[in-house]
Amino acid sequence: MWDALWLGVDAATGVSGAAHGACGLIRDAAVAVRGSDIAWVGARAALPGPPEQLARTLHSGGGRLLTAGLIDCHTHLVFGGDRALDYELRAQGASYAKIAAAGGGIRSTVALTRALSAEELAATALPRARALRADGVTTLEVKSGYGLDVASEIRLLEAARLLGAQLDLEIVPTLLALHALPPEFAADRAGYVALVVRELIPEVAAQGLARAVDVFCEHIAFTVEECASVLQAARDHGLAVKVHADQLSDSGGARLAAEYGALSADHLEYTSAAGVAALAASGTVAVLLPGAYLMLAETQKPPVAALRAAGVPIAIATDLNPGTSPCTSLTLALSLARALFGLTAEEALAGCTRDAARALGLSASRGTLEAGKQADFALWDLGHPREFGYWLGPHRCCATIRRGVCRWSSNLE
Ligand code: NIG
Ligand code: FE
């Protein structure tokens, strides 16, 4: 007998194939849960018996749309302060790079972040994480990167863990080791990279605090060579790797990501044809971050047509961060990805479910509604999956369910 059976839903399973429509849509579906996993998915009419004899608990979705729980695969959720002042300066003509060069930007957030304890950092991030959960998110990647010394980076990763426990969200922690050069190493780039390679990565790996290591490969951040040495150290310690690649210039980030078998290469506005080909060959996911594109008034779009043609999986994330994407809605990011980059509804939904799972190395357990995967769902007041990314702004999420248990519902608010 199943523990629970969801009825009265149209299920956008994300599983393609002749049996299903766009987005793997099954009208009048049934989704069964056993323990924390999905046990059965199909048309209600194909159930092997009367529902009340199949499951202990029956839930009705009231005719709404059910999807896999959304996955935000790129966030910098935990930080101190905000950067509203930077945004004002940009409105007066200062560029992101110029503000960073003057000691503002990421480094100003580092100063505010270092002043806070793990508990204070978690408390600051809590409303942002709540907003994401109320927008259908059940799994959330959180990067460090505003600590930039061993103790502060570890504190950020601990804050991420605390948040996950407080909110029943699945937090996937990433050590963003090379984000900016900390002020105490302003005259010693090599010294900072060595600290990351010799102390930070070994310590984080030993404590099991992160699943992946990320780097910001860019002219205002770190060179391909500096990033490569950190990615190598990550791999040597059994950690996956990710790259902030080609956001502001074609700096070889996508090729670097491919060379190190990265789970994802993120941003990609300036990625060349060679970079796209490299991503395709390595099976690296392209993560598009339209919030940062919009807030930086960028005009160079990521090469979506080339990514598509090369068969590179495309994910979409909020990039939630104080400097370039203060965005606490993944469905808003979908809307932006469609409006600005021309993604289809099917690409948008896959981009925050199936392909986002892949960008975190979690495809085996998450990202689609399929028997054997974790019972993570989002229930939407939407009639058809083509509405994903059509509504401009947070969509109408009614409930988020993780491991078969309802963690948030609009009825509760
Ligand atoms: O993904 N590109 C680097 N990191 C962030 C921005 C961080 C910040 O400005 O605070 C990003 O856009
Ligand atoms: Fe980022």
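A polar contact is a pair of N or O atoms within 3.5 Å. The exercises below use a predicted model.

**Exercise 1.** Find how far an oxygen atom of ligand 1 is from an N or O atom in the side chain of Thr324, and apply the cut-off.

*Solution.*
- Step 1. An N or O atom in the Thr324 side chain is 2.8 Å from an oxygen atom of ligand 1.
- Step 2. The cut-off is 3.5 Å, so this pair is a polar contact.
- Step 3. Repeat for Tyr146: its side chain has an N or O atom 2.6 Å from an oxygen atom of ligand 1.
- Step 4. Repeat for His76: a polar side-chain atom lies 3.4 Å from an oxygen atom of ligand 1.

**Exercise 2.** Work out how much of the accessible area of ligand 1 the protein covers.

*Solution.*
- Step 1. On its own, ligand 1 has 330 Å² of accessible area.
- Step 2. The protein covers 100% of that area.
- Step 3. Look at the space: what ligand 1 takes up is the largest cavity.

**Exercise 3.** Describe the residues around ligand 1.

*Solution.*
- Step 1. Count them: 15 residues surround the ligand.
- Step 2. Pick out the closest: Arg83, Tyr96, Tyr146, Gln247 and Thr324.
- Step 3. Sort the shell: 4 nonpolar, 9 polar and 2 charged.

**Exercise 4.** Decide how compact the protein is.

*Solution.*
- Step 1. List the secondary structure: 15 helices and 15 strands.
- Step 2. The radius of gyration is 21 Å, and the globule rule gives 22 Å for 413 residues.
- Step 3. These values are close, so the protein is as compact as a globular protein of that length.

Terms used
Residues numbered from 1 in each chain as written. Chains lettered and ligands numbered in written order. Predicted model: local features only at pLDDT ≥ 70, side-chain atom pairs only at ≥ 80, totals over all residues. Heavy atoms only, no water. Near = heavy atom within 4 Å. Polar contact = N/O pair within 3.5 Å; in protein donor to acceptor, adjacent residues only side chain to side chain. Areas by Shrake-Rupley, 256 points an atom, 1.4 Å probe, with all protein chains shown as cover. 1 Å grid on protein atoms, 1.4 Å probe; cavity = no way out; pocket = protein on both sides within 12 Å on 5 of 7 lines; lining within 4 Å. Sits in = over half its atoms within 2 Å of the grid points. Nonpolar A, V, L, I, M, F, W, Y, C, P; charged D, E, K, R; others polar. Helix = DSSP H or I, 4+ residues; strand = E, 2+ residues; numbered from the N terminus. Rg over C-alpha atoms; globule rule 2.2 N^0.38 Å.
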